[in-house]
Amino acid sequence: MSAPERLAVPPRPRSPRTLAAGTVVAAVVVGLHVAAWRGTEMDLGMLADGWHGMARFVSEAVPPDLTWDPVVRDGLKACLVTLWTGLLGTTLSIPFTAVLCALGSRAVNGDATVYQAARGIMSFLRAVPDVVFALVFVTAVGLGPFAGVLALVCNNTGVMGKLWSEAMEEADDGPAQALRIAGAGRAQLVAHAVLPACLPQLVGLALYRLDVNVRASLVLGLVGAGGIGFLINQSIQEFRFDQMLTYILMVLVLVVAVDLLSSLVRRRLAA
């Protein structure tokens, strides 16, 4: 018995207006990329002409300096400081994040004025880069990882507050509506409907931010916030590129370990 003959799918009719709109969108995208290319002074010829400098830089960095004292030993200590900075920058921001996301989520807060105020604070904390926060706190508490922790707490509160509040607003509204019809108050709605629906997602976002903050604490070290970033900056200033490569390899191991651990926990939560 032969297989039934398949009918061809008729082509979708395209109106001239759709084609014109697609052409305009493509032209705008191309125009934006041309403007970005010129605005960033992209020049592949300059890159090709400067390969000698890159080759000399790499030749001075390879092989990495694996001397235990002080390169590897100090690098390991600095990696721990970087890890602790990212960890505290994430966990200490959670109470402030919880307050802001509760006030800045329509699923929890019905007051439009308070909602907009909370959203404005989160936008401000996100708009100021963590490096700028670190420079401000360095002037207050001096050089060291403490300034980095404070900077990460401020920036992470704004970023994670936005992520958490949107997760609450996108949660299934069915259980909340059922409780609302039954006469439950707002606190009961949050405790028995909103949080249970989105708690795994909130934990997953916090773990993702831990991963990001560990990498951000590396950059903060470049501006005096301690950790492995400070040693990388110091080795560059002393033209010890072999030591710099050693510290970068340590950072690679640290970032991969944190990423694997965070991914493992998120998969367990999603299962």
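1. Let's start with overall dimensions. The radius of gyration of this predicted model is 26 Å, whereas a compact globule of 271 residues would come out near 18 Å. Along the principal axes, the C-alpha atoms occupy a box of roughly 65 × 55 × 50 Å. Please keep both values in view when you look at the fold.

2. The secondary structure is quick to describe: the protein has twelve helices and zero strands. Reading from the N terminus, the order of elements is therefore α-α-α-α-α-α-α-α-α-α-α-α, where helices and strands are both taken as DSSP runs. Several of these helices come back below as landmarks, among them H4 (68-91) and H12 (residues 241-270).

3. How much of the chain is buried? Of the 271 residues, 35% count as such. The accessible surface amounts to about 16800 Å², and carbon and sulfur atoms account for 69% of that area.

4. On contacts, take the pairs of residues at least 6 apart in sequence: 74% of those contacts join residues at least 24 apart. One pair that is far apart along the chain is Asp259 and Val214, with their positions 45 residues apart in sequence and a C-alpha to C-alpha distance of 9.8 Å. Asp259 sits in helix H12. With a relative accessible area of 30%, Asp259 is partly exposed, because that value falls between the 20% and 50% cut-offs.

5. A word on charges, which you may want when you set up electrostatics. There are 20 positive and 19 negative charges in the protein, and the mean positions of the two sets lie 9 Å apart.

6. Now the cysteines. The model contains zero disulfides. Cys101 is in no disulfide: the nearest cysteine sulfur belongs to Cys198 and is 8.2 Å away, against a cut-off of 2.5 Å for a bonded pair. Cys101 counts as buried because its relative accessibility is 1%, under the 20% limit. Cys79 is also on the buried side of that limit, at 9% relative accessibility.

7. Two cis peptide bonds deserve a look before you build a topology. Where are they? One runs from Val62 to Pro63, with omega near 0°, and another runs from Asp69 to Pro70, with omega near 15°. Their settings can be given by element: Pro63 is in the loop between helix H3 (51-61) and helix H4 (68-91), while Pro70 is in helix H4. You may like to view both bonds in the structure above.

8. Next, backbone angles. Which residue in the loop between helix H1 (16-39) and helix H2 (44-49) should you check? That is Glu41, a residue other than glycine with a positive phi, near 55°. Is Glu41 buried or exposed? Glu41 is exposed, because its relative accessible area of 69% is over the 50% cut-off.

9. A second positive phi in a residue other than glycine is found at Phe239, where the angle is near 60°. Phe239 belongs to the loop between helix H11 (228-237) and H12. This phenylalanine has 62% relative accessibility and so counts as exposed, again by the 50% cut-off. Helix H12, which follows that loop, is also the place of Asp259 from point 4.

10. To close, here is a short list for your own viewing session: the cis bonds ending at Pro63 and Pro70, the positive phi angles of Glu41 and Phe239, and the buried Cys79 and Cys101.

Technical notes: Residues numbered from 1 in each chain as written. Predicted model: local features only at pLDDT ≥ 70, side-chain atom pairs only at ≥ 80, totals over all residues. Heavy atoms only, no water. Helix = DSSP H or I, 4+ residues; strand = E, 2+ residues; numbered from the N terminus. Rg over C-alpha atoms; globule rule 2.2 N^0.38 Å. Buried < 20%, exposed > 50% of the residue type's maximum accessible area, 1.4 Å probe, protein only. Contact = heavy atoms within 4.5 Å. Areas by Shrake-Rupley, 256 points an atom, 1.4 Å probe, with all protein chains shown as cover. Lys, Arg positive; Asp, Glu negative; His and termini not counted. Charge placed at Lys NZ, Arg CZ, Asp CG, Glu CD.
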